[in-house]
Structure formats: C-alpha cells, structure tokens
Amino acid sequence: MLGQFITIEGIECVGKSTNAKFIETMLNKKGCKTLVTREPGGSGIGEKIRNILLFEKKDTLSPMTELLLLFAAREKHINEIIKPALENGTWVICDRFTDASFAYQGFGRELGFEKVNQLKALIQKDFEPDLTILLDAPLEVITSRRKLNPNDRFESEDKKFFGRVRNGYLELAKIFEDRVKVIDASQDIEDVQNQIKILINSMVNVRS
Ligand code: TMP
C-alpha cells in the first residue's frame, strides 16, 4: 500500500516542527512507517541549497533566483526521497513544501501566483500532498514567540513581508480548499494537537 504525503505549513514560530514530530509519533503508534523531512532541504544537494537560501548575503539572490533554487532542491527531494518512500509504504511528513513557495516567493516577494504555478506544473506535474496542515496565527502572536536575533535571510524580513506571507497562505487555503486545512496555532498546543489528531485519524481510518 502506498504511504500518504502530509505537509505542514505556516509562517515562522507557529510550531511546525513540534507538530511534525507529534504526527510522526501518532502514526508510529498506529503501526505506520514514517519519514519526517523538510524544505528547503531533505536531500544532500537540497541541504546545500538550503544553506545558500538561508545564509547568502541579503542582496545576492533575486526573488526569481530564490524561487529557482527552491524548485531545484524540490525536484531532487521529490524524486530521490519523497516518491520512493511513499512507494515503499512510508508516510512522509514534510515541514514546508510548494505552498511555502507560493506564500513566500509568490506573495511575500511579490513574484505572483502564476510564476510559482508554472514551475510547480513543470516539476511536480500532478504530484500533490494528500493533506496540508496550515498552522495560522496573527503576526502579533508570532512576533512574541520569535527570537530576538533573527539568524537567516527570511527571519530578518519585516512585518509587512510576513503579513503578505500569512495572507498568501490563507488565500491558498481557499484556492486548494480540499487539501489545505487551517488550524488556529494561537490556541494552546493541546487544542492544536486535538485538531491535528482528528485530521490524521480520518486519513488512517480511510486507509485501513
Ligand atoms: P524553516 O526555518 O521553516 O525550515 O524554513 C526556512 C525558510 O525558508 C523559511 O523562512 C521559509 C523559507 N522558504 C521559502 O521562502 N520558500 C519555500 O518554498 C520554502 C520551502 C521555504
């Protein structure tokens, strides 16, 4: 049986990695094999590209260079890591995927939806996550959780940028309403995880 592909999205500090681990533990208890991975990154080359994307000097990468690097890493990640795992029955939980390119490059960097969509069509064809969990919270909540010293090219962006990214994500939830499920990440972690449990349980039940 094929595994399922779950992605977790949202702006900085909404709890993506904590909840990726939560989903992994939950699935393992139900006897499902899992792989937790991330973007940008996930493959050897992908992690090198991640380093460039996060730590190059601020003005060296144009928004389009950034987008192309993200899709270069994604192509490797999909074909070398994600698809083989799914084909071998493993559930793949990915901390960010293509919706992040729509939100950050399409909306945040203002390249627009269409350019991202064209690259998506070229690289992914009809490959999509089975479920995307969008952890959403107002910027004030995020700001209060953020480290005082931003340490990469994205974290050092201003509030306006993150406002566009957040609104972009909410727009995507409308465009891809069957796939993208929004959870209010400003709630207590127990409440967030109860909602995640319902989504994951319904996927496991459908497949068992
Ligand atoms: P992370 O800190 O959540 O691992 O993500 C690293 C940064 O990469 C984060 O600030 C968002 C950014 N990013 C994009 O701008 N576009 C993308 O497509 C992806 C996957 C991440």
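What follows is a short chat about how some labels on this predicted model are earned.

Mentor: Quick ground rules: the model is predicted, so local features need pLDDT of at least 70 and side-chain atom pairs count only at pLDDT 80 or more, while totals for chains, interfaces and linings use all residues. Residues are numbered from 1 along each chain as its sequence is written, and side-chain values use heavy atoms, with hydrogens and water left out.

Trainee: Why is Cys13 called partly exposed?

Mentor: Buried means under 20% relative accessible area, exposed over 50%, and partly exposed in between (1.4 Å probe, protein chains only). Cys13 has 34%, so partly exposed it is. Its phi is near 70°, a positive value in a residue other than glycine.

Trainee: And what makes Lys125 count as exposed?

Mentor: Lys125 has 63% relative accessibility, so it counts as exposed. Its phi is positive too, near 55°.

Trainee: What makes Ser101 and the ligand a polar contact?

Mentor: A polar contact is a pair of N or O atoms within 3.5 Å; within protein, one must be able to donate a hydrogen and the other to accept it, and residues adjacent in sequence count only if both atoms are side-chain atoms. A polar side-chain atom of Ser101 lies 2.6 Å from a ligand oxygen, so the pair qualifies. For Gln105, a side-chain N or O atom is 2.8 Å from a ligand nitrogen, and for Arg74 one is 3.1 Å from a ligand oxygen.

Trainee: What about the bond from Glu39 to Pro40: cis or trans?

Mentor: That peptide bond is cis, with omega near -5°.
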